[in-house]
Amino acid sequence: MSKRPAKPFLLISNDDGYQARGLQFLIEVLSPVADLLVVAPEGPRSGSACRITCDAPIRCRCVSHRRGLTVYACTGTPVDCIKLAVDRLLKGRVPDLIIGGINHGDNASVNAHYSGTMGVATEGAIQGYPSIAFSICDWNPEANFEPLRPYIVDLMFKAISIGLPPLTCLNVNFPKAEKFRGVRICRMGSSRWANEMQQRKDPRGNGHYYWLVGDCIDLEPEAEDTDRWALAHDFVAVTPVTFDCTAYGLIEPLQKVL
């Protein structure tokens with residue numbers, strides 16, 4: 001009798017906290033088909049991008065453990081969680097894939113730069129592991145994740161099987177829809193946030209304060225190859241992302257003048 005292949009081993013984190021529904025849904029969907037190590041923040045860390053904690057100690061506690069699933073809560077950021085897992089908690093086991101999510105709210109286009117969910121995948125890629133981030137275009141705490149179920153499992157296995165080049169990851173965004181029209185491989189759309197700081201009066205008489213809000217402006221709404229177009233038309237947007245920040249097109253012009 002042939003030996004049954006071992007389950008994939010996944011390292012999972014997020015920026016909404018270890019108790020978040022998106023993370024719990026990932027556990028529910030993936031634990032039957034993979035072994036999971038979850039190391040996630042104790043609470044919300046949205047917008048933390050690739051922030052690391054260097055001015056305070058980081059604490060971590062195991063909140064649950066059973067065969068094939070161990071969950072840790074960490075006081076740090078999403079990137080801290082991945083660093084801690086890789087350095088201390090993997091205990092010699094190599095993850096087949098690092099996953100961030102599922103995030104409430106899309107991380108398409110410019111949002112990817114601010115996202116703690118993408119911070120998970122970014123750090124995973126920097127550490128040398130295939131990585132993927134999942135987000136849904138729904139801020140509702142009771143968002144319906146069910147349409148994502150088959151896509152998450154399929155994309156997990158495919159990301160492992162194809163492999164990813166060094167310093168790359170996949171940014172996957174799901175539209176808010178009951179049924180998706182399919183999957184599109186997209187480039188990152190060009191967008192910009194405007195009207196970001198809302199001024200409010202302090203009710204205690206201490207002047208004004210500011211609240212981060214804003215409108216995301218799509219700078220190329222007619223372009224059909226972007227993640228924003230795909231989401232607006234009910235497609236799952238899969239964007240390959242690279243972390244080599246070199247502007248190669250400027251090397252030769254700079255060499256000429258400098």
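This report looks at one helix, the cysteines and one loop serine.

The model is predicted, so local features need pLDDT of at least 70 and side-chain atom pairs count only at pLDDT 80 or more, while totals for chains, interfaces and linings use all residues. Residues are numbered from 1 along each chain as its sequence is written, and side-chain values use heavy atoms, with hydrogens and water left out.

**Helix α2**

Helices (H or I, at least four residues) and strands (E, at least two) are DSSP runs, numbered from the N terminus. Helix α2 covers residues 78-89. Its buried residues are Pro78, Val79, Asp80, Cys81, Ile82, Ala85 and Leu89. Buried means under 20% relative accessible area, exposed over 50%, and partly exposed in between (1.4 Å probe, protein chains only). These buried residues pack against several elements, including β1 (9-13), β3 (60-66) and α3 (116-126). Just after α2, Lys91 has a positive phi of about 55°.

**Cysteines**

How many disulfides are there? The count is zero. A disulfide here is a pair of cysteine sulfur atoms within 2.5 Å. Two cysteines illustrate this.

| Cysteine | Nearest cysteine sulfur | Relative accessibility |
|---|---|---|
| Cys60 | Cys74, 5.3 Å | 33%, partly exposed |
| Cys169 | Cys50, 9.6 Å | 1%, buried |

Cys169 forms no bond with Cys50 because their sulfurs are too far apart.

**Ser109**

Ser109 lies in the loop between β5 and α3. Is Ser109 buried or exposed? Ser109 is buried, with a relative accessible area of 0%. Ser109 touches Met188, Gly189, Ser190, Ser191, Asp227 and Arg228, leaving out residues up to four places away in sequence. Contact means heavy atoms within 4.5 Å.
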